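Could you walk me through this model in my viewer, one selection at a time? I would like to know what to click on next and what I will find there.

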Amino acid sequence: MLQSLFDGILVGSILSLGAIGLTLIMHILRFANFSHAELISMGAYFTLTLDAVFTAFSRALASKLPMLSVSISLLLAMLAALLITGIAAAIIDRLVFKRLREQAGPLTMVFASFGIGLIIRNVIGLVYGLKSVHYNNDIAFAIMISSDPLLLVKADQLFILALTLLVMVSLHLFMSRTSVGFALKAISENPVLAQINGINLASMVRLAWLLGGALAAVAGVCYALNNQLSPVMGRDLVLSLFAAAIVGGIGSIYGAALGGLIVGLASSLALLVIPTGYKPAIPFLIILLVLYLRPNGLFGEER
Amino acid sequence: MIGIISYLAFFLTIALILAIAVLGLNLQWGHTGLFNGGIVAFFGAGAYGMVLLGGPDRVDGLGGFSLSYPLALLGGIALSGLLALIVGLATTRLRHDYLAIATFGVAIAMESLMRNATWLTGGATGLRGFERPLEAFVGNAFAYNLLFMFFVLLCVSLVYLFLETLVHSPFGRLLRAVRENERAARSLGKSPAAVRLTAFVIGAMLMGLSGALYATFYAFISPQDLAPILTFQIWAMLIVGGSGNNKGAVVGTLVVWGAWVGSGWLLTAIAPTHLQLYTGSIQYILVGSIIVFSLLWRPRGLLPEKLSTHSYPLPEPGAPNQQTGSAS
Amino acid sequence: MMATQLSTGLHVDELTAGYVPGMPIISDVSLAMKHGEIVCIIGPNGAGKSTLLKAIAGLLSVDSGTVSLDDRVITGISPDRLSQSGVALVPQLDNIFRTMSVEQNLRLAARRCEEPWRQAVDDMLTLFPVLAERYTSRAGSLSGGQRQFLAIAMALVASPSLLLLDEPSAGLSPKAAQEVLGMLPGIARTRVAILMVEQNVRAALTVSDRAYVLAEGRNQHEGDARALMNDPVLGEIYMGARRVEAHAAKSV
């Protein structure tokens with residue numbers, strides 16, 4: 001039970017990062033982006049490549065942080081990957097979604113996002129191989145925090161929790177203290193009003209993609225540290241991300257963060273009573289439940 | 001010679017079976033503007049439903065009611081319809097992309113069910129031992145396959161005629177009104193949610209028919225037949241053919257299925273042994289590219305929709321300064 | 001032409017615009033006004049009054065015609081840039097950011113000022129003392145009148161030369177409506193041109209200098225506010241529409 005709670009919070013915090021970007025785009029551009037989860041895979045794999053490049057450049061960078069399987073070069077790689085993934089997200093928007101927005105309705109963007117997801121997923125498979133890999137092959141030992149109730153925790157997992165917390169606090173400060181943060185919040189609450197208050201829609205859309213891509217990249221690295229890298233890691237997460245965004249109410253950044261934790265916890269706790277094979281279906285049940293009971297999400301405003 | 005005819009009959013049978021699902025999607029997406037993200041689930045419901053109802057007795061699980069074939073077929077279709085009703089009731093009143101999310105979720109839930117609920121679906125091995133109708137009576141396998149092809153052709157024709165009648169009826173105009181402009185539809189005194197739900201359920205039942213015929217043809221069904229790529233293939237068929245045009249849907253099916261089978265054959269022939277594993281990835285990229293590039297450059301497909309009625313404009317379609325506050 | 005007589009101010013010349021290109025809601029609408037003037041647009045529901053304001057603010061697609069402000073053509077300029085160069089629109093609904101505090105709303109609006117935001121925001125708090133009292137409250141929790149004051153403050157914070165008001169008294173209590181409309185002459189005196197659409201015709205004409213009557217997307221009539229108030233033809237058009245509306249409102 002305690003172990004399930006811990007695992008749920010861990011997975012939930014990763015989902016939160018992914019869901020924040022998803023909910024922003026889903027609200028500002030009015031479409032469910034099914035390729036958002038592929039940004040998670042891209043971030044994770046970009047980090048893998050850059051880590052190898054940095055390590056080749058200087059062996060010193062390969063030294064591990066105390067207790068962790070995370071090296072300095074992996075951290076640097078993640079920082080660079082976060083930027084690259086954000087830019088990649090903005091480029092995909094520029095090449096595909098922006099043109100479809102101008103020509104057709106939001107559902108055409110949903111349609112295209114499925115196609116883009118399929119392409120990215122399989123290009124990753126071609127480039128990196130279909131097998132799962134790890135950032136490093138050392139076996140990370142779990143520390144027994146408590147034996148009854150059982151709680152096993154790896155140092156890497158604590159690192160993930162700290163990292164996600166750090167990212168979310170920074171995001172909160174950005175959104176609540178800076179005028180660019182206000183502007184982003186404003187554009188997602190009411191695009192017309194934001195524009196007549198001098199906010200440029202196109203530049204905020206770009207910012208939302210950059211931010212969404214960067215957060216997804218961090219989520220990808222955390223997920224890969226906790227599990228492994230695989231070309232289908234994004235696809236396996238996409239429904240949970242939507243569940244988190246819907247639970248939190250579309251457009252609410254704080255809702256998405258909480259929604260991620262709720263979905264992570266619910267999935268983890270549900271496995272105490274449901275056979276493991278049904279795990280992929282749990283987010284769907286959560287979505288259906290929320291849509292029937294509270295279509296605006298738990299924290300969303302009636303609009 | 002008989003080999004080629006036999007292969008052609010096989011190719012056409014599968015293509016025609018898929019054409020029924022594409023026609024069902026055309027009713028949902030092409031005519032009504034509903035995005036179905038989990039076609040494979042409705043296809044699978046029809047397939048499993050049919051085999052469970054019409055198949056032989058099972059020692060290790062539910063099913064095997066050995067119903068007569070027409071009843072089993074109808075049962076499979078009804079199961080797809082029921083599934084669509086459950087999803088549709090939750091979503092057709094809400095934001096339009098919620099249907100996409102919910103249907104995508106249905107497909108994933110369906111896959112979990114197929115793989116794990118051994119008592120119901122036979123798990124990974126699927127359901128075997130289905131007796132194809134009249135097979136013993138015909139005897140000759142080649143003749144039977146030809147006969148089955150004509151049966152499928154008959155089904156496609158009936159579905160086609162049904163849909164053509166439907167879309168040219170007042171209800172068809174209502175569908176397009178809902179697709180183009182919610183307010184216009186409401187002003188006709190109809191509930192857009194009810195119209196959307198009806199179209200969604202009918203479309204899903206056609207996908208169920210397609211799945212049931214597929215399972216009949218192979219005489220068994222397993223999770224391997226219901227891979228997520230099927231949904232993408234059916235989308236590609238519709239968008240290539242021209243959404244909103246039933247003739248286009250059938251033509252698109254033949255073209256894309258031909259390209260799929262052809263590319264698979266070609267890749268297997270030219271790829272070195274150690275790369276054979278990746279031919280699937282290349283084919284998937286192909287399907288994804290067909291979808292994205294068609295949407296960008298040829299959104300109206302090979303045979304564009306012919307609009308007989310006045311087309312209502314979308315309210316501010318994708319305009320950058322669109323007021324997005326109105327959740328429907 | 002009238003346009004040559006007034007060198008500065010707002011000039012709308014034969015403007016045809018709507019939500020979708022090629023499907024205009026307003027056709028060949030013209031109007032002209034000087035700084036310091038309050039002009040009211042009246043007409044039955046669906047006449048295209050709000051559409052005209054949105055088109056001037058750059059929110060709609062213009063098929064033909066021009067809008068110019070102080071001899072500068074502003075048609076085709078994006079709404080965010082227009083708002084930085086002196087055009088401020090207060091929409092009828094959803095005119096504040098409900099999830100943000102009063103402070104955040106004002107700071108956001110003041111991003112487009114040249115002067116430091118603190119100075120601009122302080123000026124608004126002096127003008128609307130009630131906003132100073134609710135400075136840290138969530139904007140969604142304000143009363144109807146307070147919301148309208150906040151919306152107008154957000155428009156005024158960047159010292160616009162043209163203020164566009166869409167139904168400023170809609171949904172307000174008679175007292176609050178009186179307060180909001182009563183402020184307008186004071187604002188206009190600071191050389192702001194105020195163009196408003198108002199349901200509450202009598203109250204609006206009382207504070208306005210001139211008015212334009214719009215019906216079915218076209219100019220019908222133009223004149224001095226006081227003269228229009230006593231015009232029997234206008235009463236016919238407008239009061240007739242009022243009765244129909246009141247009836248429709250009841251049946252909803």
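## Where chains A and B meet

Start with the contact between two chains: 44 residues of chain B and 46 residues of chain A take part in it. Keep in mind along the way that this is a predicted model.

Now colour the side of chain B that touches chain A. Helix 3 (69–91), helix 4 (96–116), helix 11 (229–241) and helix 13 (279–297) of chain B each bring at least two residues to that side. Helix 4 of chain B gives the most, with 14 residues. If you switch to colouring by residue class, you will find 27 nonpolar, 15 polar and two charged residues on this side of chain B.

For a single residue to zoom in on, pick Ile287(A). Setting aside residues up to four places away in sequence, Ile287(A) touches Phe242(A), Ala243(A) and Ile246(A) in chain A, and Ile101(B), Ala102(B) and Gly105(B) in chain B.

## The largest nonpolar core

Stay on Ile287(A) for a moment, since the next selection includes this residue too. The largest nonpolar core has 289 residues, and those touching the most other members are Val218(A), Ile287(A), Ile20(B), Ala153(C), Val157(C), Leu164(C) and Leu195(C). Select helix 8 (residues 201–226) of chain A next: this helix gives the core the most, with 18 residues. In chain B, both domain 1 (10–227) and domain 2 (228–305) give residues to this core, so the core lies between them. As background, nonpolar side chains tend to be buried together in soluble globular proteins.

## Chain A on its own

Hide the other chains and show chain A as a cartoon. You should see eleven helices and two strands, in the order α-α-α-α-β-β-α-α-α-α-α-α-α along the sequence. Along the principal axes, the C-alpha atoms fill a box of roughly 55 × 50 × 40 Å. A compact globule of 303 residues would have a radius of gyration near 19 Å, and chain A agrees, with 19 Å.

Buried residues account for 57% of the 303 residues in chain A. Of the contacts in chain A between residues at least 6 apart in sequence, 76% join residues at least 24 apart.

Then colour chain A by confidence. The average pLDDT is 92, and 99% of the residues score at least 70. Which element of chain A has the lowest mean pLDDT, and which the highest? Strand 1 (residues 142–146) has the lowest, at 83, while helix 2 (residues 36–57) has the highest, at 96.

From strand 1, step on into the loop that leads to strand 2 (151–154) of chain A, where you will find Pro149(A). The peptide bond between Asp148(A) and Pro149(A) is cis, with omega about 0°.

## Chain B and its two domains

Swap chain A for chain B. The secondary structure here comes to 13 helices and zero strands. The C-alpha trace of chain B spans about 60 × 45 × 35 Å along its principal axes. For 328 residues, a compact globule would have a radius of gyration near 20 Å; chain B has 20 Å, which agrees. Buried residues make up 50% of chain B.

Give the two domains separate colours: domain 1 covers 10–227 and domain 2 covers 228–305. Their centres, taken over C-alpha atoms, are 20 Å apart. Where they meet, 23 residues of domain 1 are in contact with 18 residues of domain 2. On the domain 1 side, helix 1 (2–31), helix 2 (39–54) and helix 7 (141–168) of chain B each supply at least two residues. Helix 1 of chain B gives the most to that side, with 13 residues. By class, the domain 1 side has 18 nonpolar, four polar and one charged residues.

## Two loop residues in chain C

Finish in chain C, with the backbone shown.

- Asp70(C) sits in the loop between strand 4 (61–69) and strand 5 (72–73) of chain C. Its phi is near 50°, a positive value in a residue other than glycine. With 16 C-beta neighbours inside 10 Å, Asp70(C) counts as partly exposed.
- Ser159(C) lies in the loop between helix 7 (144–156) and strand 7 (162–166) of chain C. Here phi is near 45°, again positive in a residue other than glycine. Ser159(C) has 15 C-beta neighbours inside 10 Å and counts as partly exposed.

How values were computed:
Residues are numbered from 1 along each chain as its sequence is written. Chains are lettered from A and ligands numbered from 1 in the order in which they are written. This is a predicted model: local features need pLDDT of at least 70, side-chain atom pairs count only at pLDDT 80 or more; totals for chains, interfaces and linings use all residues. Two residues are in contact if their C-beta atoms, placed from the backbone, lie within 7 Å. Helices (H or I, at least four residues) and strands (E, at least two) are DSSP runs, numbered from the N terminus. Ala, Val, Leu, Ile, Met, Phe, Trp, Tyr, Cys and Pro count as nonpolar, Asp, Glu, Lys and Arg as charged, and the others, Gly among them, as polar. A nonpolar core is a set of buried Ala, Val, Leu, Ile, Met, Phe, Trp, Tyr and Cys residues joined through C-beta atoms within 7 Å. A residue is buried if 20 or more other C-beta atoms lie within 10 Å of its own, exposed if 12 or fewer, and partly exposed in between; C-beta atoms are placed from the backbone. Domain bounds come from an automatic or database domain assignment. The radius of gyration is taken over C-alpha atoms; the globule rule is 2.2 Å times the number of residues to the power 0.38. pLDDT is the predictor's confidence in each residue, from 0 to 100.
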